[in-house]
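Work through these short exercises with the model open beside you. Try each task before you read its solution.

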Amino acid sequence: VKPPGPKSSELLKAQKELETESVVYPKVFQFAIDSAKGATIKDVDGNYYIDWVAGIAVMNVGHSNPYVISAIKSQLEKYNHWMSEIPSEVRIEFLKKLHSILPMKAKVITTVTGADACETAVAMARWVTKRQNIIVFDGAYHGVHQGIVNATAKRELQLYSGMPYIGFIRFPYPYPYRCPFKVKDDEECGQIILDLIDRMLGDPYSGIGEVAGILVEPIQGEGGYIVPPKNFLRGLREIADKYGLLLIIDEVQSGVGRTGRWWGFEHFNVIPDIICISKAIGGGIPISFVAYKREFDDGLPEMFHLGTYRANPLGLAAGKAVIEYIESRNLLDRALKMGEYVKSRFEEMKEKYEIIGDVRGIGFMIGVEIVEDKRSKKPSVKLANKIRKEMFERGLLMHTCGHYGNVLRFMAPLVISERHINIGLDIFEEVVKSLT
Ligand code: PMP
């Protein structure tokens with residue numbers, strides 16, 4: 001039936017009665033979920049959808065992955081919560097597995113959400129350097145807890161949740177399609193920003209204050225699936241080294257295989273000082289982590305970070321299974337290869353349709369920017385929302401992001417079948433064609 005079907009409508013109505021008006025997704029995707037498997041979602045009216053959202057880049061190994069479910073089930077039969085720091089087999093096995101995919105000799109702090117991990121990462125940079133300020137970027141998203149929401153670039157999110165705090169200094173993120181400078185190529189755009197940061201840090205009269213670290217997404221997520229030019233992260237690494245500040249890379253959305261490598265920064269040949277990890281690592285169970293260079297652990301005070309629900313054992317069991325599953329099915333290579341294919345299909349569409357301004361991405365993190373026309377590049381959130389709605393009605397779930405909300409993002413589970421990729425691409429093209 002055309003969504004929302006009768007059962008979905010009933011549940012949506014009940015939700016409206018019981019829950020806050022401020023929810024977003026039920027207004028965008030008007031259905032109620034019955035169950036999910038692999039890269040498909042079934043609604044309560046019996047409709048099936050192809051899922052290119054993956055619970056916002058969480059279900060990398062697919063919904064109801066049998067290997068992950070069996071790991072969660074066997075842990076559930078043992079215990080599912082106790083004091084969060086006491087060791088258990090599942091904890092140690094998970095930690096060994098996590099360490100095996102980290103690029104540096106690391107230590108790990110357990111946290112619960114992406115925002116929790118980012119806040120703890122900032123605290124760590126401050127503790128290590130004994131300085132206060134953090135460099136962040138426009139288009140950034142690091143969560144909405146009252147501290148870290150100040151690092152997130154959305155002003156409307158800060159208005160009522162942000163505590164007054166001025167320790168985040170914002171610079172432009174290199175956005176090749178919309179570089180604010182008149183330059184010939186993308187690297188030049190990145191270089192200007194790097195020079196600016198360098199200049200501000202080096203100038204005793206810049207007013208930038210004492211900077212502890214740089215917090216950056218290796219590929220911007222909520223900001224619009226923006227891939228920075230090759231030189232950018234390396235440049236940030238050099239600046240961090242030059243001024244003795246820490247490079248914190250937020251892998252909450254880009255990590256755990258999404259870009260065809262374990263971590264997004266691997267595409268840019270840099271090693272961070274601190275990594276924020278969440279979303280896909282728990283296979284749907286809320287867990288997150290901060291991984292940091294081992295030497296920062298010297299003298300780190302007890303109770304540096306706390307939280308009752310950290311390191312949920314079901315999440316740890318799931319996390320170990322997620323990493324093993326990605327390894328055993330070679331999903332990193334698959335995401336790279338299939339991601340290239342998906343991107344090439346979107347690029348072909350870009351040549352044909354005036355409203356596709358830009359296509360970019362790595363692995364299964366691909367953004368398609370919708371504009372009024374190629375010449376003006378004027379962002380069209382109206383068209384993007386219309387495409388999203390019509391695709392939804394035809395059975396394809398694809399969500400938006402971006403500075404202007406006009407970027408459609410491909411973030412399917414890495415296990416999605418070629419058939420579901422192709423059907424989705426055909427639906428995407430039919431809808432775009434009908435609107436051009
Ligand atoms: N960092 C990034 C890069 C994210 O994409 C997100 C969530 N979209 C967060 C942090 C915050 O994670 P959470 O919603 O779990 O707090």
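**Exercise 1. A salt bridge within one helix**

Task: Decide whether Glu393 is buried, partly exposed or exposed. Then find its salt-bridge partner.

Solution. This is a predicted model.
Step 1. The relative accessibility of Glu393 is 31%. Buried means under 20%, and exposed means over 50%. Glu393 therefore counts as partly exposed.
Step 2. The side chain of Glu393 meets that of Lys389 in a salt bridge, with N to O at 3.1 Å.
Step 3. Both residues sit in helix 12 (residues 381–393). They are 4 residues apart, so about one helical turn separates them.
Step 4. Lys389 has a relative accessible area of 49%, so it is partly exposed.

**Exercise 2. Salt bridges across the chain**

Task: Which parts of the chain does the Glu85 and Arg310 pair link? What does Glu327 pair with?

Solution.
Step 1. Glu85 and Arg310 form a salt bridge at 3.0 Å, N to O.
Step 2. Glu85 lies in the loop between helix 4 (66–78) and helix 5 (89–100). Arg310 lies in the loop between strand 10 (288–293) and helix 10 (313–328). The two are 225 residues apart, so the pair links distant parts of the chain.
Step 3. Arg310 has 6% relative accessibility, so it counts as buried.
Step 4. Glu327 forms a salt bridge with Lys97, and their closest N and O atoms are 3.0 Å apart.
Step 5. Glu327 is in helix 10 and Lys97 is in helix 5, 230 residues apart.
Step 6. Glu327 is partly exposed, because its relative accessibility is 38%.
Step 7. The whole structure has 23 salt bridges. Arg178, Asp358, Arg360 and Glu369 are linked in a network of them.

**Exercise 3. A lysine in helix 11**

Task: Is Lys343 buried or exposed? What does its side chain reach?

Solution.
Step 1. Lys343 lies in helix 11 (residues 331–352).
Step 2. Its relative accessibility is 16%, so Lys343 counts as buried.
Step 3. The Lys343 side chain reaches the backbone oxygen of Gly361 at 3.0 Å.
Step 4. Beyond its neighbours within four places in sequence, Lys343 contacts Val359, Arg360, Gly361 and Ile366.

**Exercise 4. Around the ligand**

Task: Which residues have N or O atoms that approach the ligand? How much of the ligand's accessible area does the protein cover?

Solution.
Step 1. The surrounding residues include Thr113, Tyr141, His142 and Asp250. The shell divides into 3 nonpolar, 5 polar and 4 charged residues.
Step 2. A backbone N or O atom of Ala115 lies 2.9 Å from a ligand oxygen. A polar side-chain atom of Gln253 lies 2.8 Å from a ligand oxygen. A side-chain N or O atom of Lys279 is 3.1 Å from a ligand nitrogen.
Step 3. The protein covers 82% of the 390 Å² of accessible area that the ligand has on its own.

Methods. Residues numbered from 1 in each chain as written. Predicted model: local features only at pLDDT ≥ 70, side-chain atom pairs only at ≥ 80, totals over all residues. Heavy atoms only, no water. Near = heavy atom within 4 Å. Polar contact = N/O pair within 3.5 Å; in protein donor to acceptor, adjacent residues only side chain to side chain. Areas by Shrake-Rupley, 256 points an atom, 1.4 Å probe, with all protein chains shown as cover. Nonpolar A, V, L, I, M, F, W, Y, C, P; charged D, E, K, R; others polar. Buried < 20%, exposed > 50% of the residue type's maximum accessible area, 1.4 Å probe, protein only. Contact = heavy atoms within 4.5 Å. Salt bridge = Lys/Arg side-chain N within 4 Å of Asp/Glu carboxyl O.
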